[in-house]
Amino acid sequence: MVLLLVLAACGNGDGGDNGDGGDNGDTADVECPEAPADAGDGIVVTSLWGGAEQEAFEAVLDAFTEETGIEATYEPNRTDYATVLRTRIQGGNPPDVAIIPGIGFLRSFARDGSIVPLDCYDVNADEIADQYVPGMMEAGNVDGTQYAIMAKVNSKATIWYDPSRFSDLGVEPADTWDGLVSLTDDIAGQGASPWSLAAADGWTLTDWFEATYLKMHGVDAYKTLFSADGDWTDGTAQESIEKMYGELLTADNVDGGTDGALATAFVDGIAKVFSTSPSAEMYCCGGFVGGIAASGDVNPDLTYGTDIDWFPFPTIEDGAGELTDISYGGDIIAGLTNREEVAEFMQFMTTVEAGTAWAEGGTIISPLSGVEVSVYPESVQKEAEQIYGASNTVYDGGDLLPAGPDLGALLQSAFRGDDVGPLLEEFQSQISTAWDTE
Amino acid sequence: MAVANPPAETTEASSAKKPGGGFGWAALFFMGPAGLLLLVFLVFPAFYTLALSFNRGRGGEFSNWVGFDNYVRLFTNDPNFLRLGFPPAGALWNNVLWIVFYTSLCVLLGLVIAVMATRVRYEALIKAIVFLPMAIAATAVAIIWRFVYFPSSETGLLNALLGIFNLGPVAFLGSPDTVNWALIAVGVWGSVGFATVILSAAIKGISSEVLEAARVDGANETQIFWRIIVPMVSLPISVVAVTLIVNVIKLFDLIYVMTAGGPGTSSRVIAFSMYQEAFPAGQFGYGAAIAIIMLLMLIPVMIFNVRRFRTEAVQM
C-alpha cells in the first residue's frame, strides 16, 4: 500500500523533475519518495566529524549557500552514528543529507527505503562518472541503483616512514614487495624494529590484508571477494594472509612482538614511529596517518618531507595488481529527503567547485579528479596525486562487508598464530549467512 | 527491549482476589490503570518483540518471515554470540561467566566483609567505603576503571603498580584472554557493597543467644560461620544472589563504556549483542531474537523469586 502511494507520487507529483528527458529506461524503476510537507527552507547535513574536519566541511556548506542562497546547517554526531541516524529515520525526522561511513550501513539504509536515489535529484551517475576517480562511483551503487556518491576519500596504499631516520639507517623506500621484504630485513639486521603494527584495532589489519590482496590478486578478484559472491576458502585469501604475516609482519619484525602489537591501538601504533621517542620505522596504511602523526596527540613538530613521508604500497612480483590500483577508504554522501533544496545540494556536491572548497581545508582528498592538486596543502598533495593518478580504485573491503562477521578478529587470530584455513572456513560460513540475511 | 519484571502482575492479581473472593468492579477500578500500563508498555512490546524475532525485521518493521532462522543462526553460526569448543566464547558464554563469577564473588565477599565488619569498632566506616561504589554511576565506574587498566604505566594505575615489580605493561582490556576477568572484577567492585549492606543487616538479625549457645557448645568461629551464620541468612543470600543475577543478565553499560564489546567481539554480553545487532547493524529481527533469549533466561529466575515470595508470605 505504502509502495503504491510512493509510486503514484513519483509518477504524478513531480514528474517534471524526474528525468523525463531521454533516459526513461534508467529512471522508470526508481521510486522517489514524496517530499516532506512541512520542511523549512534550509537543509541539515549530518556527519560524524568535529574539529578541523568539521571546519573544512563547513567551508563547503558556505560555498553552497553563497551559490544558491539555501541555508545549510551542519550537525555533528560524533558517537553511535548509525544508531542515531537510524533512530531519526524511524522517528520520521531524518536529516536532509547524511554523510555515511561504511557501505554496509549505506546498503541497509538504501534497502530500508530511507535513502533517496540520486536519479530523484536529477543527478545521473553515468553522466558524472568521468568526473570521478575511476572506480569511485561503484561504492554508492546498491543493487543496480545509484544511491550515493563518495564525498571524501583517503588512500589506503601508503607506507609511512621517517626519511631522516631512513637515511641514518642507510635504507631507501621499496617499490616492489621483495624490495620491501629486504628493506624490512635490512632494518631488523641493524637492530631496529621495522614495523609498527596496531593490531589491537582489527581494522588496521584489514587494511593491511586488503592492500596485500589487491596487489596479489588484482581488482576483479578483490571486488568479488568483498561481494556476496566472495569465496574466502578458495585459497587466495589464505595466500595473502600467509604472505603478509609470513614475509613482512613476523613476530620478530613487529615492534613489541605478537603480544605487544596486539596491545597497540591505532594512534599508539603511529606514535611508535613518529613520537619523540620512536621504537619502530614503518607504519602502513592510510593517508590520514600523516595528519594524526603531526597532531598534538603524537608529535606536532614533524616537518613533512623531512621527518615524515610515505611511499606507495608496492606491487607484488607475479601479482595481478598494478601500482596504480589502490584501495581507499572514505565517507559517502546520501540524501534522505526528496526536496528541491537537497537536489541542489547533491548537484553542487558533484562539482569541482565544491571539491576545491573542501580540498583547501586539507583534511580530505576529494574524489573529484578535476580538483587541482595545487589547491591541497603541501602535506597531502602527494596523496592527492596518488589518488588522481589511480588506474583503478577499490573501496575498503572491511567497510563493504555486512555487519556481524569480524574480519579484523580473524586477522588478529591469524596473527596470534592460529591456523588460517579453518579460520577462513568458519568465516565463510558466517559471511555467507550475513550476506543472505542482510 | 521488553524485559521487565513479570512478577509485578502475578502478585497483584493474586492479592486482588483474596479479600472479597469475587472479582468486583472495585478491584477492576483499582487495577485498571496499572493493568493498562502493563499491557501497553510491557505485554504488547514483549509480544511485538517475539513476533519480530521470527522476522528479518529490516529497519525495525516487519519485512519477511524467516521462521526460526534467527535462532538457528544465533546458536549455530554466530561465534560473536556463541562459539562452542574449548574454551567456549561469545556473548552468551561471557554472560555465563558473569553470572557464575560475578554473583558468587559478590555474595562471598559481601558475606565475609559483613561478618568481619561486625567485629570491629569502625564498622560504619568500612561499610561506607565498601558501599561507596554503589553511589557512583555505572558510566563513571567504567571510566574510572578504564584509567586504572590503561595499558601504560604513566596513565594506568594497575600497570604503574606492576611496573614497581618490573612487570607489564599488560593490556588488561586489550587482550581477549584477560578482558572478561578485568570487567568482572570491576562489576564485583561496583556491587559488593550492595551484598555487604543487606547481608550485614541480616547477620545483625541473628539472635546473640544462638551464637552464644554455639560457643558454649564448643564451636569455633569457622564452624559458627558455616553452620550458623550462613544457614540463618540463607534467605537474604538468595535475595542478593537473585538480584545480582537479574542485573547481570541485563548488563550493558559497563561493557558499552569500557570496551564496546572488544577487543574484536570478545567481551560482548547478551544485552550488548542485542543492541549491536538491532541498532548499529539494523538487524532488528536478529536483535529481537537475542532479546527473547534474554527474557527466557530471566523467566526461571523470576519464577524462583515469585515462589520464594509466596513461601515467605505463608511463613509470616
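Two strands count as a pair here if DSSP finds at least two bridges between them. Keep that in mind as you click around this predicted model, starting with a stretch of chain A.

**Stop 1: strand 7 and its neighbours in chain A**

Select residues 282-284 of chain A, which are strand 9. Now add strand 7, residues 158-161. Three bridges join strand 7 to strand 9 in chain A, and the two run antiparallel. For a landmark, show the side chain of A:Trp160, which stands opposite A:Tyr283 in strand 9 of chain A.

Next, colour strand 10 of chain A, residues 309-312. Strand 7 of chain A pairs with strand 10 of chain A as well, again in the antiparallel sense, this time over four bridges. A:Trp160 turns up here too, with A:Trp310 as its bridge partner in strand 10 of chain A.

Stay on strand 10 for a moment: are its faces covered or open? Both faces are covered in chain A, with A:Asp309 and A:Phe311 buried on one side and A:Trp310 and A:Pro312 buried on the other.

**Stop 2: the whole sheet**

Add strand 8 of chain A, residues 195-196. You now have an open sheet of four strands in chain A, in the order 8-9-7-10, with mixed pairing. Its edges are strand 8 and strand 10 of chain A, each of which pairs on one side only.

What lies across this part of chain A? Select helix 12 of chain A, residues 266-274. This helix lies across strand 7, strand 8 and strand 9 of chain A, and runs at about 150 degrees to strand 9.

**Stop 3: another pair of strands in chain A**

Move to strand 6 of chain A, residues 149-155, and switch on its neighbours. How many of its residues are buried? The count is seven of its seven residues, so to speak a mostly covered strand. Its partner is strand 11 of chain A, residues 325-335, and the two pair in the antiparallel sense over six bridges. To line them up by eye, find A:Asn154, which stands opposite A:Gly329 in strand 11 of chain A.

**Stop 4: two crossing helices in chain A**

Hide the strands and pick helix 3, residues 51-68, and helix 14, residues 340-349, both in chain A. Their axes come within 11 Å and cross at roughly 120 degrees. The crossing of helix 3 and helix 14 of chain A is right-handed. Show side chains where they meet: A:Phe64, A:Glu67 and A:Thr68 come from helix 3 of chain A, and A:Glu344, A:Phe345 and A:Phe348 from helix 14 of chain A. By class, that contact has three nonpolar, one polar and two charged residues.

**Stop 5: over to chain B**

Now colour by secondary structure and look at chain B. What do you find there? Chain B has 14 helices and zero strands. Its C-alpha trace spans about 70 × 70 × 35 Å along the principal axes, and 34% of the 316 residues in chain B are buried.

Split chain B in two colours: domain 1 is 1-81 + 282-316, and domain 2 is 88-267. The C-alpha centres of the two domains of chain B lie 29 Å apart. Each domain of chain B gives 11 residues to the contact between them. On the domain 1 side of that contact in chain B, eight residues are nonpolar, two polar and one charged.

**Last stop: where the chains meet**

Bring chain A back. The contact takes 21 residues from chain B and 22 residues from chain A. On the chain B side, seven are nonpolar, 10 polar and four charged.

Technical notes
Residues numbered from 1 in each chain as written. Chains lettered and ligands numbered in written order. Predicted model: local features only at pLDDT ≥ 70, side-chain atom pairs only at ≥ 80, totals over all residues. Axes fitted to C-alpha atoms, helices over the stretch in contact; angles between N-to-C directions. Left-handed = near helix turned anticlockwise from the far one by under 90°. Contact = placed C-beta atoms within 7 Å. Nonpolar A, V, L, I, M, F, W, Y, C, P; charged D, E, K, R; others polar. Buried ≥ 20, exposed ≤ 12 C-beta atoms within 10 Å, placed from the backbone. Domains from an automatic or database assignment.
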